[in-house]
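Visitor: Hello! Could you walk me through this structure, one question at a time?

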Amino acid sequence: MKLFLLLSAVGFCWAQYTPHTKPGRTSLVHLFEWHWADIALECEQYLAPNGFGGVQISPPNENVVINNPSRPWWERYQPVSYKLCTRSGNEDEFKDMVTRCNNVGVRIYVDAVINHMSGSGVGAGTNSTCRSYFNPGSRDFPAVPYSGWDFNDGKCKTGTGEIENYNDPYQVRDCRLVSLLDLALEKDYVRSKIAEYLNHLIDTGVAGFRIDASKHMWPGDMKAVLDKLHNLNTSWFPEGSKAFIYQEVIDLGGEPIKSSEYFGNGRVTEFKYGVKLGTVLRKWSGEKMAYLKNWGEGWGFMPSDKALVFVDNHDNQRGHGAGGASILTFWDSRLYKMGVGFMLAHPYGFTRVMSSFHWPRHFENGKDVNDWIGPPNDGGVIKRVTINPDTTCGNGWVCEHRWRQIRNMVAFRNVVDGEAFTNWWDNGSNQVAFGRGNKGFIVFNNDDWPLSVTLQTGLPAGTYCDVISGDKSGGNCAGIKIYVSSDSKANFSISNSAEDPFIAIHAESKL
């Protein structure tokens, strides 16, 4: 009996680490600020055919409307109620998206904002995406309903009610984050209202949640909410499946709150990943790609099976959150493709790809003063994502996930899933290569001189298409061909001035 109980507990715990992607699909994409209708189309027309496992969506619940011409992206992180009603669409459109994506095997993961409600600086009224009345000044959100009893103001010990010292875990969890009203998650009523919201989403068919601002909630309070969650919808998931949980905890090692405190609830975002990888690829602080041989836990990261990893996210690509200037983004497209390529080839963590929109960057004193600008829009209404003849996106959408190099590396990761990290090679500097068992091999040249070298790939003999320079198409290669000999060796030549200074081959790119 004791063994059964122990196994049950372990099973429940592990269920929350499992993304529930279809077998053979290993990555998520964050379609930041997309319409639900456009996500449904993207699942059917692009994500499913190209092997993407799921989509992280923007918060789907009612939020404050910030009246300026563009409306900032961060208004989505100021909840007013848990009605499914935002710039991305209404509840019917949300349900249609979840159903259509699930039907083609692409899972939906909701960005869940449950730490707080809207900020105290927002006036009372119905200026919200569903026209619900709210009054932050009196802590009144009747559409939930929450009242003054449901917030942490009495517990916060700072004079301003704000977090003033990030080295005090009590302040970080009991005080207001940038004036946002901090919910009292120790109260069962609050836990029940949050669980009611999340369960509504689970019943609709979502596969899991990114828990926003997890660092600002006590792990035990979060666990109490998660313990109230339903099993996933059996229309698409095996009976007894639990929601995939990944928690936003910014832990770069300098504060007392540690990622490890949250492992009991599910996976955790590994923010050190993008910071360190960006520093290496930019060759800052004397870092070299040769040092990536023990990438992962060897760099002080959390255990791989607890980590959700990314090169950039919607916060730090704007200089918010964590990471600073080392973070690679679509603005540095050459280095960015290398960074995402490395992430998708390397076995560490569960991977999330970013898909962004353009904004007019303008720097003053080293800060982008336009970092607030919301998605492409007409008078506040989000523009639809248009697709160009070359399959890239228009209308101001970047769509990094549609870049050939990134799309093909998502496929690479699917092909090599479960294979060992093998055949590492480096030149002592910034030319490196490694394999994944006998299924894939990747070579990078981030030095200022050409690479030409014969390497042991571990792959069966034959002709392979490099999936970075082109696609395998109709029994031929649109890009570079790589010839692997009977002893599994191949010659690789990569110019230091190449648009994409890396080559990747895998079992399914063989002619």
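Visitor: Happy to start with a single bridge: which residue in S21 is the bridge partner of Phe434?

Guide: Welcome, and please keep in mind that this is a predicted model. Phe434 belongs to strand S20, residues 431–436, and S20 pairs with S21 in the antiparallel sense over six bridges. In S21, the bridge partner of Phe434 is Ile442.

Visitor: Which helix packs on the sheet there, touching S20, S21 and S28, and what angle does its direction make with that of S21?

Guide: The helix that touches S20, S21 and S28 is H8. H8 spans residues 333–345. Its direction and that of S21 make an angle of about 150°.

Visitor: What is the strand order of the open sheet of four strands?

Guide: Let's build it up from the pairs. S19 (residues 421–426) pairs with S20 in the antiparallel sense over four bridges, and S21 (residues 440–445) is joined to S28 by five bridges, also running antiparallel. The edge strands are S19 and S28, each pairing on one side only. The order is S19-S20-S21-S28.

Visitor: Which residue in the turn of the S19 and S20 hairpin has a positive phi?

Guide: The bridge partner of Asp426 in S20 is Val432. Four residues lie between the two strands of the hairpin. The turn residue with a positive phi, about 85°, is Gly428.

Visitor: Now the edge strand S28: how many of its residues are buried?

Guide: Take the faces one by one. Phe502, Ala504 and His506 are buried on one side, and Ile503 and Ile505 are buried on the other. One of these, His506, is the bridge partner of Gly440. For the strand, residues 502–506, the count of buried residues is five of five.

Visitor: Which other helix lies across S20, S21 and S28, and at what angle to S28 does it run?

Guide: That helix is H9, residues 404–416. It runs across the three strands at an angle to S28 of about 40°.

Visitor: What does UniProt place at residues 422–510, and what is the strand percentage over that stretch?

Guide: The UniProt record, an unreviewed entry, places the feature "domain: Alpha-amylase C-terminal" there. Over these residues the end C-alpha atoms are 19 Å apart and the chain is 0% helix. The strand share is 52%.

Visitor: How far apart do the C-alpha centres of domain 1 and domain 2 lie?

Guide: Domain 1 takes in 13–269 + 357–397, while domain 2 covers 421–509. Between their C-alpha centres the distance is 39 Å.

Visitor: Turning to the closed barrel, which strands does it run through?

Guide: The barrel has eight strands with parallel pairing. One example is S8 (residues 208–211) with S9 (residues 244–247), joined by four bridges, where Gly208 has Phe244 as its bridge partner. The full run is S1-S2-S5-S8-S9-S10-S11-S12.

Visitor: What distance separates the end C-alpha atoms of H2?

Guide: H2, residues 36–47, has twelve residues, and a straight helix would reach 16 Å at 1.5 Å a residue. H2 falls short of that span. Its end C-alpha atoms are only 14 Å apart.

Visitor: Which elements cover the buried residues of H2?

Guide: The buried residues include Trp36, Ile39, Cys43 and Leu47. Among the elements covering the buried residues of H2 are strands S1, S2 and S5, helix H3, strand S17 and helix H9.

Visitor: And H7, how many of its residues are buried?

Guide: H7 spans residues 271–281, and its cover includes S10, S11 and H8. Among its buried residues are Phe271, Tyr273, Leu277 and Leu281. The count is ten of eleven.

Visitor: Two loop residues to finish: is Thr329 buried or exposed?

Guide: Thr329 sits in the loop between S11 and H8, where it touches Asp312, Gln317 and Tyr336. Its relative accessible area is 5%, which is under the 20% cut-off, so Thr329 is buried.

Visitor: What is the relative accessible area of Asp332?

Guide: Asp332 also lies in the loop between S11 and H8. Leaving aside neighbours within four places in sequence, Asp332 is in contact with Arg282 and Ile327. Asp332 is partly exposed, with a relative accessible area of 27%.

Notes
Residues numbered from 1 in each chain as written. Predicted model: local features only at pLDDT ≥ 70, side-chain atom pairs only at ≥ 80, totals over all residues. Heavy atoms only, no water. Domains from an automatic or database assignment. Buried < 20%, exposed > 50% of the residue type's maximum accessible area, 1.4 Å probe, protein only. Pairing = 2+ DSSP bridges. Expected span 1.5 Å × (residues − 1). Contact = heavy atoms within 4.5 Å. UniProt positions renumbered as here; feature names shortened; annotations may be inferred. Axes fitted to C-alpha atoms, helices over the stretch in contact; angles between N-to-C directions.
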